[in-house]
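Subject: Structure handover

Hi,

Here is the structure I promised to pass on to you. Have a look at it first, and then read on for my notes.

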Amino acid sequence: MSMNDMSVRDFAEILAAKTSVPGGGGASALVAALGAALGSMVGNFTLGKKKYAEVEPDIIRLMGEAERIRLALLDCIDEDAAAFEPLSKAYGIPKDAPGRDETLEKCLCDAAAAPMKIMELACEAIVLHKEFAEKGSTLMVSDAGTGVVFCWAAMYGAALNVKVNTKLMLDRAHAEEMNKHVDELMEKYWKIADEVYESVYGRLC
């Protein structure tokens with residue numbers, strides 16, 4: 001069964017259990033999806049208001065992008081789980097078994113790819129929240145701030161789940177390339193997220 005079909009209670013219960021999946025990657029994807037959903041919420045409460053007629057085309061565009069990101073992130077929950085299952089089995093292959101290194105390397109690459117995608121999508125959502133906070137209804141600004149915090153947290157969680165896999169890769173060139181991409185994303189987008197949060201917080205104080 002797809003994890004997208006679970007109730008919130010069931011997902012939280014299986015996340016808390018002694019099971020391989022879902023884990024930090026899937027949880028990060030869900031948190032980022034909720035963050036993107038909050039952006040859409042801001043948009044829905046902004047559309048149709050005379051006060052925001054001038055920015056309505058921008059809000060419609062932002063909502064379309066937020067919906068795309070939200071759905072992609074929900075798919076990532078299952079993608080992350082599907083990538084981790086083979087990895088957990090690969091760890092159990094005897095160290096002297098023929099082809100073990102090749103199998104483990106492929107599984108590590110696949111397991112790192114899913115949280116990398118989650119991280120990239122979370123970063124896209126952070127940028128959307130900057131505009132939602134600036135152009136959306138002032139009554140919903142706290143939701144834009146909350147949304148950016150969710151995406152910010154998901155970015156950090158996904159980064160950890162990339163690096164736990166790259167750390168064990170034999171292909172160090174590929175591993176370092178992925179690590180560099182993670183570091184660049186974090187350096188750029190934590191600043192944007194922080195700016196959005198501080199701006200929202202300042203407007204409410």
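At what angle do helix α2 (residues 24-44) and α4 pack, and how many Å apart are their axes? Please keep in mind throughout that this is a predicted model. The angle between α2 and α4 is about 20 degrees, and 10 Å separates their axes. With that angle under 35 degrees, α2 is roughly parallel to α4. The crossing in which α2 passes α4 is left-handed.

Helix α4 has another partner to look at. Helix α4 (residues 100-135) also packs with helix α5 (residues 141-166), at an angle of about 160 degrees and with the axes 8 Å apart. That angle makes α4 roughly antiparallel to α5, since angles over 145 degrees count that way. The crossing of α4 and α5 is left-handed. As for what lines this contact, its residues comprise 23 nonpolar and four polar ones, with no charged residue among them.

Next, the salt bridges. The whole structure contains 13 of them, and I picked out three for you.

The pair I would show you first is D58 and K135, whose side chains meet in a salt bridge with an N to O distance of 3.1 Å. This pair links distant parts of the chain: D58 sits in helix α3 (residues 56-90) and K135 in helix α4, 77 residues apart. D58 is partly exposed, at a relative accessible area of 25%, and K135 is also classed as partly exposed, at 22% relative accessibility. Both residues belong to a network of salt bridges that links D58, R61, E65, E131 and K135.

The other two pairs each lie within a helix. In helix α3, the side chains of R70 and E67 form a salt bridge, 2.8 Å from N to O. R70 and E67 are three residues apart in that helix, so about one helical turn separates them. R70 is partly exposed at 23% relative accessibility, and E67 is partly exposed with a relative accessible area of 32%.

In helix α6 (residues 172-204), E176 and R172 are four residues apart, which means that about one helical turn lies between them. Their closest N and O atoms are 3.1 Å apart in a salt bridge. E176 is partly exposed, with a relative accessible area of 43%, and R172 is partly exposed too, with 34%.

Finally, the cysteines. How many disulfides does the structure hold? The count is zero. C107 is in no disulfide, and the nearest cysteine sulfur, which belongs to C109, is 9.4 Å away. C107 is buried, because its relative accessible area of 9% falls under the 20% limit. Why does C151 have no bond to C123? The sulfur of C123 is the closest cysteine sulfur to that of C151, but at 9.2 Å the two are too far apart for a bond, because a disulfide needs the sulfur atoms within 2.5 Å. C151 is buried as well, at 0% relative accessibility.

If you want a place to start, try helix α4: it packs with α5 at about 160 degrees and with α2 at about 20 degrees, and its K135 holds the salt bridge to D58 in helix α3.

Best wishes

How values were computed: Residues are numbered from 1 along each chain as its sequence is written. This is a predicted model: local features need pLDDT of at least 70, side-chain atom pairs count only at pLDDT 80 or more; totals for chains, interfaces and linings use all residues. Side-chain values use heavy atoms; hydrogens and water are left out. Axes are lines fitted to C-alpha atoms, for helices over the stretch in contact, and angles run from 0 to 180 degrees between N-to-C directions. Angles under 35 degrees count as roughly parallel, over 145 as roughly antiparallel, 65 to 115 as roughly perpendicular and the rest as oblique. A crossing is left-handed if the near helix is turned anticlockwise from the far one by less than a right angle, and right-handed if clockwise. Ala, Val, Leu, Ile, Met, Phe, Trp, Tyr, Cys and Pro count as nonpolar, Asp, Glu, Lys and Arg as charged, and the others, Gly among them, as polar. Buried means under 20% relative accessible area, exposed over 50%, partly exposed in between (1.4 Å probe, protein chains only). A salt bridge is a side-chain nitrogen of Lys or Arg within 4 Å of a carboxyl oxygen of Asp or Glu.
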